[in-house]
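I open this notebook to record, entry by entry, what I looked up in one structure. The sequence and the model come first, and my entries follow.

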Amino acid sequence: MISTQTLVIFLTTCFFLSATPGPNMLSALSMGMRHGLVGAAWGGIGMCLSLGLLAGLSALGVGVLLKTSPLAFTIFKWVGVAYLTWLGIQAWRAPIRDEVADMDAAMKAGPDRRGQLGLLGQGLLITLSNPKALVFMAAFFPQFIDPARPMAPQLTILVVTMLIIEFGWIMTYAVGGKGLALRLTGPVAQRWLNRMTGALLIGAGLLLAMASL
C-alpha cells in the first residue's frame, strides 16, 4: 500500500496539475458551453478512460519508448492538433439556436444516446492523441511508487485518485462553460458563443502543438 504522506503529496500535486487549463480542461469548458453538464460528463468519462489507459501503458514502459522516439511523439502530437482544430472549426461553424429557453432545455435534457457516445468518443480521442500525457505519466508515477512493495496496488490507488480529481476539475470547467452559454442570448451572442467554443478547442490544439519531449 501507499503511505499517507505519499498519498497526500500525490493528491495535492494532481489537484493543482489538473486545474491547469490544458487541452482536457479547455475541451471540458467548450463541452459545457455547447452540451451542458450531462454532455460534458460523458466527454469527461471518455477523457478519464483514456487517462486510465495511458497510465496502464506508462506502467508497461510505452511512455518511455515514446519519449525516446521523437518521430512517434511528433506524429501523435500532430494527429491530436489536427483533431482539436477540426473540432474547433466545427464548433465555430455550428448552427445558431434562436431561443435561450431551447438551449436551457436541451442542456438539462442532455444529448441523446448517439450524442452521448459521440461525446464519450470525443473525450477518448482528445486525451489519447496527447502524447505528452503518456510521457508525463511515465516520469510522474514512479516518483510515488515504493519499489519494495507490490506495484499493482500502488498504481491502482494513484490512478483512481488522479481520475477522481481530473473528473472533478472537468465538471468544474463544464459548469463555468454552461453558465457562460446561458448568459449569451440572441443570434449575435450565440454566434460569438460558437466562435468562443471553437477558439477554445483550437487553443487547446495550439497548447498541444507547443508540447515537446
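**Entry 1. Burial and overall make-up**

I began with burial: of the 213 residues of the chain, 45% count as buried. The model is a predicted one, and I therefore looked up its confidence next, pLDDT being the predictor's confidence in each residue. The chain has a mean pLDDT of 83, and 89% of its residues reach 70 or more. Among the elements of the chain, I found the highest mean pLDDT, 91, in H8, and the lowest, 55, in helix H5 (residues 100–109).

I then listed the secondary structure. The chain has 9 helices and 0 strands, and I read its pattern along the sequence as α-α-α-α-α-α-α-α-α. I also looked up how far apart in sequence the contacting residues are. Of the contacts in the chain with a separation of 6 or more, 88% are between residues 24 or more positions apart.

**Entry 2. The nonpolar core**

Which residues have the most contacts inside the largest nonpolar core? I noted Phe10, Met137, Phe141, Leu158, Met162 and Ile170, in a core of 47 residues. Two or more residues of this core come from each of H1, H2, helix H4 (70–92), H7, H8 and H9. H2 gives the largest share of this core, with 13 residues.

I followed one of these core residues further. Ile170 is in contact with Met25, Ala28, Ala40, Gly44, Met47 and Cys48, its neighbours within four places in sequence being left aside.

**Entry 3. Helix H8**

I looked up two residues of helix H8, which spans residues 151–183. Thr161 is found in this helix. Is Thr161 buried or exposed? I recorded it as buried, because its relative accessibility is 13% and the cut-off for buried is under 20%. Not counting residues up to four places away in sequence, Thr161 touches Leu7, Phe10 and Leu11.

Trp169 also lies in helix H8. With residues up to four places away in sequence not counted, Trp169 touches Phe15, Ser18, Ala19 and Met25. I noted a further pairing for Trp169: its C-alpha atom and that of Thr20 are separated by 9.3 Å, although the two residues are 149 residues apart along the chain.

**Entry 4. Helix H7 and a residue of H2**

I turned to H7 and found it mostly covered, with 7 of its 10 residues buried. The buried residues of H7 are Pro131, Ala133, Leu134, Val135, Met137, Ala138 and Phe140.

From Leu134 I went on to Leu57, whose place is in helix H2. The C-alpha atoms of Leu57 and Leu134 are separated by 7.6 Å, with their positions 77 residues apart along the chain. I recorded Leu57 as partly exposed, because its relative accessible area is 26%, and partly exposed is the class between 20% and 50%.

**Entry 5. The largest pocket**

I next looked for empty space. The largest pocket has a volume of about 640 Å³. It is lined by 22 residues, of which Leu17, Pro23, Asn130, Ala133 and Phe136 are the closest to its centre. Which elements give two or more residues to the lining of the largest pocket? I listed helix H1 (4–19), helix H2 (23–59), helix H7 (131–140), H8 and helix H9 (186–209).

The largest share of this lining, 5 residues, comes from H7. By residue class, I noted 15 nonpolar, 5 polar and 2 charged residues in the lining of the largest pocket.

**Entry 6. Two exposed residues**

I closed with two residues outside the helices. The place of Met1 is in the segment before H1. Met1 is exposed, because its relative accessible area is 60% and the cut-off for exposed is over 50%. Even so, I found contacts for Met1 with Arg149, Gln154 and Ile157, its neighbours within four places in sequence being left aside. Met1 and Ala152 are 151 residues apart in sequence and 9.4 Å apart in space, C-alpha to C-alpha.

Pro95 lies in the loop between H4 and H5. At 74% relative accessibility, I counted Pro95 as exposed. The C-alpha atoms of Pro95 and Gln190 are separated by 9.0 Å, and the two are 95 residues apart along the chain.

Note on methods. Residues numbered from 1 in each chain as written. Predicted model: local features only at pLDDT ≥ 70, side-chain atom pairs only at ≥ 80, totals over all residues. Heavy atoms only, no water. Helix = DSSP H or I, 4+ residues; strand = E, 2+ residues; numbered from the N terminus. Buried < 20%, exposed > 50% of the residue type's maximum accessible area, 1.4 Å probe, protein only. Contact = heavy atoms within 4.5 Å. 1 Å grid on protein atoms, 1.4 Å probe; cavity = no way out; pocket = protein on both sides within 12 Å on 5 of 7 lines; lining within 4 Å. Points joined across faces, edges and corners; volume = space filled by probe spheres on them. Nonpolar A, V, L, I, M, F, W, Y, C, P; charged D, E, K, R; others polar. pLDDT = per-residue confidence, 0-100. Core = buried A, V, L, I, M, F, W, Y, C linked by side-chain atoms within 4.5 Å.
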